Amino acid sequence: MSSEALAHLGLDDTDSPRGGCTTYLAALLIECLCKLGVEWVDYPNLIRLNPNAPWKTRGNGAICLRFKCGRELLDEIFARASELVAREAEMWHENTHPGLVLLEGKVPLPVRLFAKKAIRGLVRLDEALKLCARHNAKVVGFKLGRGVSGALAAIGEVLAGDHTYELLAYRVPEKRGLPRAVEARSVVEMDEATRPLTFNNYDPETGRILITPRGPDPVLLGVRGESPDVVLRAFKMLRIDEPIERWVIFRTNQGTDAHLVRRLVRELKPHLPAVIRGRVARPPEMITGGHVIFGVSDGSGEVDCAAYEPSGQLRRVALSLWPGDVVEVAGGVREGPGGRLTLNVERLKVIELAPKLVAENPRCPRCGKRMKSMGRGKGFRCPRCGLRDPGAQKVLVEAPRNMRPGLYLPPPRSQRHLTKPLRRYGLEKYGPPGPPRGMWLWPTLFRDVQEPFYCRHTKDITKCY
Ligand SMILES: [Zn+2]
């Protein structure tokens with residue numbers, strides 16, 4: 001008799017901008033592993049890595065499957081998974097470099113730290129390969145094998161803290177590339193029935209449906225929410241007029257701000273996500289295209305922060321900032337011409353407003369009308385009663401601030417996968433040892449997969465579990 005093994009199978013970089021999807025390959029792999037009789041110890045994990053990494057795949061998502069099986073099966077599982085990647089990945093694309101890693105046993109601390117680094121910063125392939133060798137992981141890389149880093153990072157992120165779920169449903173091959181037949185009204189109804197436990201279903205400003213991606217990939221839709229139960233319930237509320245090939249519920253770090261860490265302005269480097277805290281250094285400027293740029297200084301340095309046109313309300317708030325305001329800005333660092341760094345704002349917290357003092361012409365002491373300048377240093381005269389006062393000067397007046405301290409995010413349509421939406425504030429799940437603050441007691445689901453989490457070839461989604 002052979003002993004039982006706990007195994008983690010990581011997978012990354014199998015898609016291309018022209019189609020394919022690493023999660024779809026994972027769905028195929030899940031079915032393959034089910035046939036081999038593995039016992040699942042967690043929902044499949046969908047781990048979003050640093051969204052600012054320069055060579056990222058779309059959404060920069062990697063996958064990890066965690067299961068128990070007889071140790072003698074591991075070689076076969078790895079061989080089957082490699083075959084599947086070789087067959088299904090978008091291998092022809094110049095930026096697709098798939099990687100597959102199989103690690104046995106508990107996830108070692110260095111691998112968990114590697115994952116944090118891949119989510120919050122940049123990792124190198126040789127670091128990943130060294131770790132794999134040190135921990136006896138099986139590795140296969142295709143082409144340049146860059147996906148090995150992401151695959152190992154997915155294994156290392158065990159989602160012990162805050163996490164969410166996403167149900168992804170896939171299209172039959174005949175429909176791929178055609179418009180998605182999901183009734184918009186049913187998405188809004190689903191949102192109303194499940195809020196706040198699902199998020200980013202549609203964009204309230206534009207009415208745009210966000211659960212359906214655009215493009216030729218096999219994903220029909222993705223419902224994001226706080227529990228496996230709620231995403232499945234929400235999925236069943238949708239009116240869908242096309243066949244569903246299969247669906248899978250992933251446990252994920254989406255919507256958790258997992259990529260954001262506090263940094264000093266001096267520590268900023270291109271491609272890093274960062275949260276900086278400081279004072280607005282100079283009045284905001286609007287540049288061509290409607291983008292708003294404001295400088296923030298934290299004592300260690302000053303950096304330009306940019307709120308982009310599509311970010312609606314956030315951009316309006318950015319434009320109302322004033323020197324001296326205390327703000328916390330989160331986003332990704334980009335390098336502009338001449339090596340100048342810009343922080344692309346994806347979250348703006350206005351902590352304290354400074355008084356906005358503006359110089360105004362004095363009022364006429366006789367009739368109260370605002371006076372006019374008679375030229376630099378020559379005093380003022382009243383346009384109504386003609387009073388002249390050569391000694392009069394401009395007066396400083398505190399202007400009203402048409403904004404309030406608070407938290408501002410771009411509209412859902414321009415949020416990143418990792419950005420925590422407003423709806424999730426207060427619903428965060430924290431692992432032990434602290435008391436759970438959210439509604440969902442971690443880790444009731446980890447190591448105890450209760451809901452059926454995948455289904456294949458369903459004609460009627462209400463009959464598939
Ligand atoms: Zn007057």
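**Reading a predicted model: burial, pairing, backbone and zinc**

Modeller: Helix H5 is mostly covered, for ten of its ten residues are buried. The model is predicted, and every value discussed below is computed from it.

Biologist: Which residues of H5 are buried?

Modeller: They are Gly147, Val148, Ser149, Gly150, Ala151, Leu152, Ala153, Ala154, Ile155 and Gly156. The cut-off used here is a relative accessible area under 20% for a buried residue and over 50% for an exposed one.

Biologist: Let us turn to helix H4. Which of its residues are buried?

Modeller: H4 spans residues 125–134, and within it Glu127, Ala128, Leu131 and Cys132 are buried. Viewed along the helix axis, these buried residues lie within an arc of 135 degrees, so they line one face of H4.

Biologist: Which exposed residues does the face of H4 turned away from the buried side carry?

Modeller: That face carries Lys130, Ala133 and Arg134, which are exposed.

Biologist: What do the buried residues of H4 pack against?

Modeller: Their packing partners are two strands, E5 (99–104) and E6 (138–141), and two helices, H3 (109–120) and H5 (147–156). H5 is the helix with which we began, where ten of ten residues are buried.

Biologist: How should one read the two faces of a strand?

Modeller: The general idea is that side chains in a regular strand alternate between the two faces of the sheet. Strand E7 (residues 164–171) is the case to examine: eight of its eight residues are buried. Thr164, Glu166, Leu168 and Tyr170 are buried on one side, and Tyr165, Leu167, Ala169 and Arg171 are buried on the other, so that both faces of E7 are covered.

Biologist: Which strand is joined to E7 by eight bridges?

Modeller: The partner is E10, and the two strands run antiparallel. Within this pairing, arginine 171 stands opposite isoleucine 244 of E10. E7 also pairs with strand E9 (residues 219–225), through six bridges and again in the antiparallel sense. There, tyrosine 165 has glycine 225 as its bridge partner in E9.

Biologist: How does one judge whether a backbone angle deserves attention?

Modeller: The general expectation is that most residues other than glycine have a negative phi and that most peptide bonds are trans. Aspartate 257 is not a glycine, yet its phi is positive, about 60 degrees. Aspartate 257 belongs to the loop between strand E10 (244–252) and strand E11 (273–280).

Biologist: Is aspartate 257 buried or exposed?

Modeller: Aspartate 257 is buried, with a relative accessible area of 11%. The loop between E10 and E11 also holds histidine 271, which has a positive phi of about 75 degrees although it is not a glycine. Histidine 271 is partly exposed, at a relative accessible area of 29%. A further positive phi, near 55 degrees, is that of asparagine 136, which follows H4.

Biologist: Where is a cis peptide bond found?

Modeller: The bond from arginine 195 to proline 196 is cis, with omega near 5 degrees. Proline 196 is located in the loop between helix H6 (184–194) and strand E8 (198–199).

Biologist: How many disulfides does the structure hold?

Modeller: The structure holds zero disulfides. Cysteine 32, for instance, takes part in none, and the nearest cysteine sulfur, belonging to cysteine 34, is 9.3 Å away. Cysteine 32 counts as buried, at 16% relative accessibility.

Biologist: Which residues are the protein donors of the zinc ion?

Modeller: The donors are the SG atoms of Cys364, Cys367, Cys382 and Cys385, lying 2.3 Å from the ion. In sequence, these donor residues follow the spacing C-x2-C-x14-C-x2-C.

Biologist: How is the geometry of such a site to be read?

Modeller: In general, the ideal angle for four tetrahedral donors at a metal is 109.5 degrees. Four donors count as tetrahedral if all angles lie between 85 and 135 degrees. Around this zinc ion the angles run from 100 to 124 degrees, which makes the arrangement tetrahedral. Among the donors, cysteine 382 is buried with a relative accessible area of 0%, whereas cysteine 385 counts as partly exposed at 30%.

Biologist: Finally, where is serine 320 found?

Modeller: Serine 320 lies in the loop between helix H8 (312–319) and strand E15 (326–335). Its relative accessibility is 16%, and serine 320 therefore counts as buried. Leaving aside residues up to four places away in sequence, serine 320 touches Arg401, Asn402 and Met403.

Methods. Residues are numbered from 1 along each chain as its sequence is written. This is a predicted model: local features need pLDDT of at least 70, side-chain atom pairs count only at pLDDT 80 or more; totals for chains, interfaces and linings use all residues. Side-chain values use heavy atoms; hydrogens and water are left out. Helices (H or I, at least four residues) and strands (E, at least two) are DSSP runs, numbered from the N terminus. Buried means under 20% relative accessible area, exposed over 50%, partly exposed in between (1.4 Å probe, protein chains only). Contact means heavy atoms within 4.5 Å. The arc is that of the directions from the helix axis to the C-beta atoms. A disulfide is a pair of cysteine sulfur atoms within 2.5 Å. Two strands pair if DSSP finds at least two bridges between them. Donors are N, O and S atoms within 2.8 Å of the metal (3.2 Å for Na, K and Ca); water is not among the atoms, so sites may look incomplete. Four donors count as tetrahedral if all angles lie between 85 and 135 degrees; four count as square planar and six as octahedral if opposite donors are over 155 degrees apart and all others between 65 and 115; anything else is irregular.
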